[in-house]
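Please open the model in your viewer and keep the sequence panel visible beside it. This tour proceeds selection by selection.

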Amino acid sequence: MRTRRLPESMVGFTERLLNGRCTQLKFDGHLSDWIPITNGIGQGDPLSMILYIIYNADLVDVAKGRTKKERTLAFVDDTAFIAIGNDFTE
């Protein structure tokens, strides 16, 4: 996020959102101890798509400014990189 020069307030908000989280699992009448969550974002969180786009923005930038034979297409959580050439040596 800092590489993309997003405001520090947004970076700090995201850090606070993703740090210090934990969960419990419950099945067959058994409740587990608290388990720390060290990666990811909450399932169904509306911010997940925005954060994913920011996280993968470098994939879209790969084709920019290189050759006219490279293209990138990205939408939400899908990214496609296309390179066109006569063979694998170009």
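The stops below begin with the whole chain and then turn to single residues, a network of charged side chains and a pocket.

**The whole chain**

Begin by displaying the entire chain as a cartoon, bearing in mind that this is a predicted model. The chain contains three helices and six strands. Followed from the N terminus, its elements come in the order α-β-β-β-β-α-α-β-β. Of the 90 residues in the chain, 11% are buried. If one takes the contacts between residues at least 6 apart in sequence, 19% of them join residues at least 24 apart.

Next, colour the chain by pLDDT. The mean for the chain is 82, and 87% of the residues reach 70 or more. Which element has the lowest mean pLDDT, and which the highest? Strand 5, residues 70-75, has the lowest, with a mean of 72, while strand 3 has the highest, with 96. A general caution applies here: predicted coordinates should not be read in detail where pLDDT is low.

**The segment before helix 1**

Select Arg5, which belongs to the segment before helix 1. Is Arg5 buried or exposed? Arg5 is exposed, since its relative accessible area is 75%, and the cut-off for that class is over 50%. The backbone also deserves attention at this point. Arg5 is not a glycine, yet its phi is positive, at about 60 degrees. As a rule, most residues other than glycine have a negative phi.

**The salt bridges**

Now show the side chains of Arg2, Glu8 and Glu15. How many salt bridges does the structure hold? There are two. One of them pairs Arg2 with Glu8, with 2.8 Å between the closest N and O atoms. Arg2 is partly exposed, at 48% relative accessibility, and Glu8 is likewise classed as partly exposed, at 46%.

Turn then to Glu15, which forms a salt bridge with Arg2 in which the closest N and O atoms are 3.5 Å apart. This pair links distant parts of the chain: Glu15 is in helix 1 (residues 8-18), Arg2 is in the segment before helix 1, and 13 residues separate them. Glu15 is partly exposed, with a relative accessible area of 37%. Through salt bridges that share partners, Arg2, Glu8 and Glu15 form one network.

**Two loops beside strand 3**

Move along the chain to Asp28, in the loop between strand 2 (26-27) and strand 3. Asp28 is exposed, because its relative accessible area of 81% is over the 50% cut-off. Asp28 has a positive phi, near 50 degrees, and is a residue other than glycine.

Then select Ser32, in the loop between strand 3 (30-31) and strand 4 (35-37). Why does Ser32 count as buried? Its relative accessibility is 13%, and buried means under 20%. To see what Ser32 touches, display Gln24 and Leu25 as well: Ser32 is in contact with both, its neighbours within four places in sequence being left aside.

**Between helix 2 and helix 3**

Select Asn56, whose place is in the loop between helix 2 (47-55) and helix 3 (57-61). Asn56 is buried, with a relative accessible area of 14%. Add Asp78 to the selection and draw a line between the two C-alpha atoms. Asn56 and Asp78 are 22 residues apart in sequence, and the C-alpha to C-alpha distance is 9.7 Å.

**The largest pocket**

For the last stop, switch on a surface. In general, rolling a probe the size of a water molecule over the atoms shows where empty space is left. The largest pocket has a volume of about 500 Å³. Select Met1, Leu51, Tyr52, Ile54 and Tyr55, which lie nearest its centre among the 20 residues of the lining. Helix 1, helix 2 and helix 3 are the elements that give two or more residues to this lining.

Which element supplies the largest share of the lining of the largest pocket? Helix 2 does, with six residues. Colour the lining by residue class to finish: 11 of the residues are nonpolar, four are polar and five are charged.

Methods
Residues are numbered from 1 along each chain as its sequence is written. This is a predicted model: local features need pLDDT of at least 70, side-chain atom pairs count only at pLDDT 80 or more; totals for chains, interfaces and linings use all residues. Side-chain values use heavy atoms; hydrogens and water are left out. Helices (H or I, at least four residues) and strands (E, at least two) are DSSP runs, numbered from the N terminus. Buried means under 20% relative accessible area, exposed over 50%, partly exposed in between (1.4 Å probe, protein chains only). Contact means heavy atoms within 4.5 Å. A salt bridge is a side-chain nitrogen of Lys or Arg within 4 Å of a carboxyl oxygen of Asp or Glu. pLDDT is the predictor's confidence in each residue, from 0 to 100. On a 1 Å grid over the protein atoms alone, a cavity is a set of points where a 1.4 Å probe fits but cannot get out, and a pocket is an open set with protein on both sides within 12 Å along at least five of seven lines; lining residues have an atom within 4 Å of a point. Grid points are joined across faces, edges and corners, and a volume is the space filled by probe spheres set on the points. Ala, Val, Leu, Ile, Met, Phe, Trp, Tyr, Cys and Pro count as nonpolar, Asp, Glu, Lys and Arg as charged, and the others, Gly among them, as polar.
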